[in-house]
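Thanks for coming, everyone. I have one structure to walk through today, so let's put it on the screen.

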Amino acid sequence: MAYLISELASLSGLSRSTLLYYEKLKLIRGERQSNGYRLYTEQDIQTLILLKQLQIAGLTLKECKACLEQKLDTAMLNKKLLRLDQELQQKQQARSLLAAMLGKGSLRDWHQLLNTLAPEAHLNWLKHQGFNEKQALNLKWLSKDMNQHEQYMADFMAVFSAVERWGPGSDQDTLKALGSLQIHPQHILDIGCGKGFATRLLAQHTQADIVAVDNEPAALSELQHYAETHNLTNRIKTVSASMTELPFASNTFDLIWCEASAYIMGFEQALQQWRPLLKDNGYLVISDLLWLTRQPSAEATNFWLAEYPDMQDLDERLSQIESAGYVRLDHFTLSEQAWRDYYVPVKARVAELKPEMSNSVALADIEREIAIFEQHLGEFGYQMFVLQAK
């Protein structure tokens, strides 16, 4: 049976111009009649059906023609299959990210990657999504998933509201750093004070007026209660603020104190941003988590790379301290007791809550951190720095 090109177009679902192009490539072969019309055969229709099926595999017309005229080029097909697998993987990643942004999946890995590669842009983006400074910082460092942030923080605070210390530290280490100062401070700013362990010691061992800053109202309320019951309200003032946006004038304090919390904004940024708040030749006591070995275990490396991407060794931090315009008066590694004073109560609280919160992501994260401490402390540790602004 013979077909005019208009009939072939109707049967194949292809346009007349496409069929003429196929004929130019010699994929189909019309026979011109004496009246000028071309006629096509049943074989041409079947060839077009086969072409469509080959094109579904992503073959070009040139590749389709080769497949029709000779044995399959398996090397070419393998390359196309590999490329297709890569495209499918990229599209699946894109779909997973879009679904997570719509609340249909977890964004933890994505937030973690952004916090490593572009921390400032990440923080600004979170603010544009409607998170305030406190929420954005908590999401950045704790929950890492804006879809589950509210539940995560509720679980996190269920643990830490019932324990005293919110980070590694001990009275002995705090007093050791205080004893390294060459002045009797009169105006102290305690940044990231939590429930005020360092604040209380500073009040007991100096005559200074102390401004204690944190962005967690419950912690500040507890410190305020301590001040009231110990007749220290005239010397201890609590301020709810972010350490990245402190509401104080320049040249206000002769001592800034910050234990175990500068990582939130970045150690180097803290050195630079807080320096103007110090009076001439003022002091900064600050602690930071460091690598204590040049070859930490893979488990510890992978954990802290995710939790604290900017974690450095001592030499790098000392170089940053000098570049920021400080003289180093003293530095020392916090004792193992400082860690135990923090982790032992936290571990007990997690065990208490776990039966009723067995699926909590926050509890799982805290347990993972405790395990890293128990197995790898010594590869890392907090370093206390006693500095003076030049």
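**Helix 8 and its surroundings**

The buried residues of helix 8 (133–143) pack against five helices: helix 6 (108–117), helix 7 (119–128), helix 9 (149–160), helix 14 (298–307) and helix 17 (361–376). One caution before we go on: this is a predicted model.

How many residues of helix 8 are buried? It is 9 of the 11, so the helix is largely enclosed by the rest of the structure. The buried residues are Glu133, Ala136, Leu137, Asn138, Leu139, Lys140, Trp141, Leu142 and Ser143. Note that Glu133 and Lys140 are on that list.

Now the two ends. Asn132 caps the N-terminal end of helix 8. A side-chain oxygen of Asn132 lies 3.1 Å from the backbone nitrogen of Lys134. After the helix comes Lys144, with a positive phi, near 60°.

**Aromatic pairs**

Next, the rings. A search of the whole structure gives 16 aromatic pairs. I'll show two.

Trp304 and Phe380 pair edge-to-face. Their centres are 5.3 Å apart, with 65° between the planes. Trp304 belongs to helix 14 and Phe380 to strand 11 (residues 380–389), so the pair ties together parts that are 76 residues apart in sequence. Are these two rings buried or exposed? Trp304 has 8% relative accessibility, so it counts as buried. Phe380 has 1%, so it counts as buried too.

The second pair is Tyr343 and Phe373, and this one is stacked. Here the centres are 4.5 Å apart and the planes 20°. Tyr343 sits in helix 16 (residues 336–353) and Phe373 in helix 17, so again distant parts of the chain are linked, 30 residues apart. Both Tyr343 and Phe373 are buried.

These four rings belong to one aromatic cluster. Its members are Phe156, Phe160, Phe303, Trp304, Trp339, Tyr342, Tyr343, Phe373, Phe380 and Tyr382.

Two charges over rings, quickly. The charged end of Arg165 sits over the ring of Phe197, 4.1 Å from its centre. Arg200 lies over the face of Tyr226, at 4.5 Å from the ring centre.

**Helix 11 and strand 4**

Arg200 brings us to helix 11 (residues 197–205). Arg200 is buried there, along with Ala198, Thr199, Leu201, Leu202 and Ala203. What do the buried residues of helix 11 pack against? Two helices are on the list: helix 10 (171–179) and helix 12 (217–229). The strands on it are strand 4 (187–191), strand 5 (209–214), strand 6 (236–240) and strand 7 (253–258).

Take strand 4. In it, 4 of the 5 residues are buried, so strand 4 is largely enclosed by the rest of the structure. Strand 4 and strand 5 run parallel, joined by 5 bridges. One of the residues to look at is Ile191, whose bridge partner in strand 5 is Val213.

**Nonpolar cores**

Ile191 turns up again in a moment. The largest nonpolar core has 87 residues. Trp274 and Ile286 have the most contacts inside it. Strand 8 (residues 278–291) gives the most to this core, with 8 residues.

Which residues does Trp274 touch, beyond its neighbours within four places in sequence? They are Ile191, Met243, Leu246, Ile256, Cys258, Ala262, Met265, Leu284 and Ile286. So Trp274 and Ile286, the two named for the core, are in contact with each other. Apart from that core lies another, of 19 residues, including Tyr3, Ile5, Leu14 and Ile28.

**A small sheet, and one last residue**

There is also an open sheet of 3 strands. The order is 1-3-2 and the pairing is antiparallel. Strand 1 (3–4) and strand 2 (31–32) stand at the edges with a single partner strand each, so one side of each has no neighbour in the sheet. Strand 2 pairs with strand 3 (residues 38–40) over 2 bridges. In that pairing, Arg32 stands opposite Arg38.

Last stop: Glu268, in helix 13 (residues 267–274). Its relative accessible area is 34%, so Glu268 is partly exposed. The C-alpha atoms of Glu268 and Ser323 are separated by 9.5 Å, while the two residues are 55 apart along the chain.

That's my tour. Over to you for discussion.

Key
Residues numbered from 1 in each chain as written. Predicted model: local features only at pLDDT ≥ 70, side-chain atom pairs only at ≥ 80, totals over all residues. Heavy atoms only, no water. Pairing = 2+ DSSP bridges. Buried < 20%, exposed > 50% of the residue type's maximum accessible area, 1.4 Å probe, protein only. Contact = heavy atoms within 4.5 Å. Polar contact = N/O pair within 3.5 Å; in protein donor to acceptor, adjacent residues only side chain to side chain. Phe/Tyr/Trp six-rings, centres within 6.5 Å; stacked < 30°, edge-to-face > 60°. Lys NZ or Arg CZ within 6 Å of the ring centre and 35° of its normal. Core = buried A, V, L, I, M, F, W, Y, C linked by side-chain atoms within 4.5 Å.
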